[in-house]
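Biologist: Got a minute to walk me through this one? I'd like the odd bits as well as the overall picture.

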Amino acid sequence: LYLCHRIMENSLLSAEVKEGEILPPTIQKLMKGYNKYLRPFFDNGPVSVGMSLDVASIDTISEINMDYTATIFLRQRWTDERLCFDGNKSLSLDGRLVELLWVPDTFIVDSKKSFLHDITVENRLIRIFPNGTVLYALRITTTVACNMDLTKYPMDKQTCTLQLESWGYNINDVMFYWTRGNDSVSGLDTLRLAQHTVGDYHTSVSEAIYETGHYPKLVFHFNLKRNILYFILETYVPSSLLVVLSWVSFWISQSSVPARICIGVTTVLTMTTLMLGARASLPNANCFIKAIDVYLGICFSFIFGALIEYAVAHFCSLHHPDASSLLMCSILCSLYGHELNKREEDMNGVVTTIVSNSRQAKMKEDASAVSNCSLSNSDIKTEAKEQKSKCAKAFYNVKKRVCFLNCCRIGNPHYIDSYSRMSFPLSFIFVNLLYWVYYLYF
């Protein structure tokens with residue numbers, strides 16, 4: 001019943017076409033009894049569909065959406081034994097007559113948005129050859145997803161694909177193949193893209209496996225190499241010049257605080273603006289650490305380091321050890337020396353008093369008392385010597401600490417700028433060599 005219903009619809013459609021326009025006798029003969037709802041070789045195995053592509057243009061390549069938009073001419077060829085006719089010339093039909101024929105249900109797998117051009121009429125071509133071969137061509141503009149690895153952006157190379165599959169016919173009904181292998185795709189050699197260059201490309205044949213079965217699949221692979229010259233002029237050169245500009249402060253006197261602070265803050269803010277502008281054309285929630293982010297981070301670190309360098313140099317110049325520190329050391333020495341002398345005099349006074357008292361006691365006491373007094377006098381002298389040794393040791397420790405702090409200080413704060421004039425450029429050149437070698441050759 002279903003087939004009868006479809007046949008009746010086909011007859012009605014044919015009648016409508018005939019009412020609107022008179023078909024040539026050859027086409028009328030071909031369409032007589034033709035059922036577009038049945039594929040060719042319905043009972044004799046799958047029908048082979050050959051495909052070829054002509055890439056007219058690749059309009060946009062978006063890193064934010066990770067897709068590309070291309071306009072292609074898709075050509076499909078298959079043989080329908082029901083369309084054989086006598087003669088040696090092919091028949092070119094109006095594209096609107098495609099509604100009367102069976103055509104493959106080909107679709108683009110990763111397409112986000114596609115449309116068929118219809119100005120001034122639908123851009124479709126139907127050509128039938130005497131042996132029943134049908135050529136069906138379409139002009140399509142499609143936006144296709146392309147998973148991109150932006151780790152080496154903007155020195156990256158992306159591999160994108162264009163996949164063609166059959167929607168409803170599995171491999172038992174339809175088989176896809178490229179008509180001329182890799183030569184089935186043309187037009188890439190003449191493309192001129194704004195930021196990319198089309199590299200190697202190749203075709204492959206595979207099968208798409210789904211829950212509903214195995215379906216024929218054709219894949220076109222092509223490489224896109226990004227042109228880095230634009231990014232060198234737009235990002236790398238300005239950021240490098242900002243780093244060089246931050247080094248100008250090393251030749252300005254440390255007493256010119258406004259000038260050096262102005263250069264440091266201006267370069268930091270300009271570098272921040274440059275970093276935000278470079279990330280505007282990239283995904284905001286991208287987990288990749290891109291090569292351009294690494295370079296901008298290096299430049300920002302050098303610029304910020306130049307600003308910190310002046311802060312350190314200025315701090316050291318304010319706390320530079322001069323005559324006041326030497327005066328402090330002399331005061332400490334005199335203070336501790338006076339303290340030691342005072343302690344020694346006190347000890348001598350104590351000894352003198354004890355000796356005088358002992359002499360008076362000698363006149364009243366016997367010989368044994370005199371010997372005991374001499375022993376106590378010896379103990380007091382020993383205690384005085386020990387006290388004097390402790391004071392000298394404490395003074396030595398304090399002096400050692402003061403000298404250690406003076407060794408940690410920079411002899412001349414102006415040497416900081418002198419060292420920075422050499423260390424900053426050499427370090428920046430070394431880091432640049434490592435950066436470019438790694439991202440260009442690894």
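**Y435 and its surroundings**

Modeller: Let's begin with a polar contact: the side chain of Y435 reaches the backbone oxygen of A291 at 2.7 Å. A polar contact here is a pair of N or O atoms within 3.5 Å; within protein, one must be able to donate a hydrogen and the other to accept it, and residues adjacent in sequence count only if both atoms are side-chain atoms.

Biologist: And what is this model, before I read too much into it?

Modeller: This is a predicted model, where local features need pLDDT of at least 70 and side-chain atom pairs count only at pLDDT 80 or more, while totals for chains, interfaces and linings use all residues. Residues are numbered from 1 along each chain as its sequence is written, and side-chain values use heavy atoms, with hydrogens and water left out.

Biologist: OK, where does Y435 lie, and is Y435 buried or exposed?

Modeller: Y435 lies in helix α8. Helices (H or I, at least four residues) and strands (E, at least two) are DSSP runs, numbered from the N terminus. Y435 counts as buried, at 4% relative accessibility. Buried means under 20% relative accessible area, exposed over 50%, and partly exposed in between, with a 1.4 Å probe and protein chains only.

Biologist: What does Y435 touch?

Modeller: Leaving out residues up to four places away in sequence, Y435 touches M155, Y236, A291, I292, V294, Y295 and I298; contact means heavy atoms within 4.5 Å. Y295 is 140 residues from Y435 in sequence, yet their C-alpha atoms are 7.7 Å apart.

Biologist: Switching to α4: what covers its buried residues?

Modeller: The cover includes α3 (229-246), α5 (291-318) and α8 (414-441). The buried residues of α4 are R260, I263, G264, T267, V268, M271, L274, M275 and A278. Down the helix axis they fall within an arc of 130°, so they line one face of α4. That arc is taken from the directions from the helix axis to the C-beta atoms.

Biologist: Which exposed residues does the face turned away carry?

Modeller: On that face of α4 you'll find P258, L269, T273 and L276.

Biologist: How far does α4 reach?

Modeller: Its 22 residues, 257-278, reach 32 Å from first C-alpha to last, close to the 32 Å expected at 1.5 Å a residue. The expected span is 1.5 Å times one less than the number of residues.

Biologist: Which residues does UniProt list as transmembrane region?

Modeller: The unreviewed UniProt entry annotates 228-252, 258-282, 294-312 and 422-441. Such annotations may be inferred rather than shown by experiment. In the model, 294-312 is 100% helix with its end C-alpha atoms 26 Å apart, and 422-441 is also 100% helix, with 29 Å between its end C-alpha atoms.

Biologist: Now the odd backbone bits. Which peptide bonds are cis?

Modeller: I119 to T120 is cis, with omega near 0°, and so is Y153 to P154, with omega near 10°. T120 sits in the loop between β5 (111-116) and β6 (124-128), and P154 in the loop between β7 (133-145) and β8 (157-166).

Biologist: What about phi for F41 and M66?

Modeller: F41 has a positive phi of about 55° without being a glycine, and M66, also not a glycine, has phi near 55°. Most residues other than glycine have a negative phi. F41 is partly exposed at 27% relative accessibility, and M66 is partly exposed at 21%.

Biologist: And how many helices and strands does the chain have?

Modeller: Eight helices and 12 strands.
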